[in-house]
Amino acid sequence: MTHTIPGNYNPAPDLLAGKTILVTGAGDGIGRAAALSFASHGATVVLLGRTVAKLESVYDEIELAGGPQAAIFPMDLAVAGGEQCAELATAMTDTFGALDGLLHNASVLGERRPIESSTYAGWQEVMQVNVNAQFLLTRHLLPLLRAAPSASIVLTSSGVGRKGRAFWGAYAVSKFATEGFMQVLADELENTSEVRVNSLNPGATNTAMRRTAYPSETPTDNPAPADIMPAYLYLMGDDSKGVNGQALSVR
Ligand code: NAP
């Protein structure tokens, strides 16, 4: 059955109290807003990203707002392998024992040009960060997600991950792969565990990535990351229990 995110969703202030949620790319853009929003609704947030100073700034902001103490896990997804993901899983097991939410948000845009003139190095970097790292993290964190009473995995999609468009190259293909990964995993977990898996297209949002992809736009014509957080909260909290295998959109 096709599901949509309730348009007027109004999360309870303590929606995520007691939950531990890992956010990739938590230092900037949508990931940063998601980390702050999850913490302000009671979650202990694990901030994963490649630029430590940005993660520290999010950590400080959560502390200043009186949220649960966050954790920082620096990782460059362009080079991370199974060993580093296994280390993360061990550290998470020792510290938290379970994981209630995993937001795969980090991505790179890559080259915006025709396939004919795209470079293999550019193609590989996008696939590594947007697809391969997502697999590795999920593969190693699944036992922790299974250990939670009800866990949610959210994979970040895009309009060009649902309908291909010229000059979106590896990025579009990586988002189609993300949708495929979501479907396979959701089907595997259906009826066998309390872990739900869905994809979410945030839509045009005023971030560095969007400004790079559309330099001629007026950035403030698009919603700020904070404006689209109800959809993220809905998927991370128990109000979306039972929603599985869905390709969802913020708007
Ligand atoms: P963004 O502002 O560029 O932020 C991307 C985040 O990913 C940053 O925190 C970045 O870290 C991190 N990241 C990139 N490469 C990484 C790596 N190798 N290792 C670890 N972290 C890495 O992008 P955004 O607009 O917030 O995008 C968030 C998600 O939404 C992405 O999946 C994107 O495809 C999707 N999306 C966005 C839009 C939009 O309009 N903004 C529309 C559709 C889909 P640094 O800050 O350290 O670089």
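Me: Where does T156 lie in the chain?
Reply: T156 lies in strand β5, which covers residues 151–156. Helices (DSSP H or I runs, at least four residues) and strands (E runs, at least two) are numbered from the N terminus.

Me: Quick check on the basics: what kind of model is this, and what do local features need?
Reply: It's a predicted model: local features need pLDDT of at least 70, side-chain atom pairs count only at pLDDT 80 or more, and totals for chains, interfaces and linings use all residues. Residues are numbered from 1 along each chain as its sequence is written, and side-chain values use heavy atoms, with hydrogens and water left out.

Me: Back to T156, then. Is it buried or exposed?
Reply: T156 counts as buried, because its relative accessibility is 8%. Buried means under 20% relative accessible area, exposed over 50%, partly exposed in between (1.4 Å probe, protein chains only).

Me: And which residues is T156 in contact with?
Reply: Skipping neighbours within four places in sequence, T156 is in contact (heavy atoms within 4.5 Å) with L103, H104, N105, K175, T178, L200, P202 and Y232. With H104 there's a bit of extra detail: the T156 side chain reaches the backbone oxygen of H104 at 2.5 Å.

Me: New topic. Where is L137 found?
Reply: L137 is found in helix α4, residues 120–146. L137 counts as buried too, with a relative accessibility of 1%.

Me: What does L137 contact, leaving aside its neighbours within four places?
Reply: Its contacts are T24, L48, M75, L77, C85, L88 and H104. H104 is also on the contact list of T156.

Me: How many residues apart are L137 and P6 in sequence, and how many Å in space?
Reply: They're 131 residues apart in sequence, and their C-alpha atoms are 29 Å apart in space.

Me: OK, rings now. How many aromatic pairs does the structure hold?
Reply: There are 3 aromatic pairs in the structure. Y9 and Y234 form one of them, an edge-to-face pair with 5.1 Å from centre to centre and 75 degrees between the planes. Rings of Phe, Tyr and Trp (its six-membered ring) pair if their centres lie within 6.5 Å; planes under 30 degrees apart are stacked, over 60 edge-to-face, the rest tilted.

Me: What does the Y9 and Y234 pair tie together?
Reply: Y9 sits in the segment before β1 (20–24) and Y234 in helix α7 (residues 229–236), so the pair ties together parts that are 225 residues apart in sequence. Y9 is buried at 13% relative accessibility, and Y234 is buried at 6%.

Me: What about W168 and Y171?
Reply: They make a tilted pair, with 5.7 Å between centres and 50 degrees between planes. Both W168 and Y171 are buried, and together with Y214 they form one aromatic cluster.

Me: Now zoom out. How many helices and strands are in the chain?
Reply: The chain has 7 helices and 7 strands. From the N terminus the order is β-α-β-α-β-α-β-α-β-α-β-α-α-β.

Me: How much of the chain counts as buried?
Reply: Of its 251 residues, 49% count as buried. The C-alpha trace spans about 50 × 40 × 40 Å along its principal axes.

Me: And what share of the contacts comes from residues 24 or more positions apart?
Reply: Such residues account for 74% of the contacts in the chain with a separation of 6 or more.

How values were computed: Polar contact = N/O pair within 3.5 Å; in protein donor to acceptor, adjacent residues only side chain to side chain.
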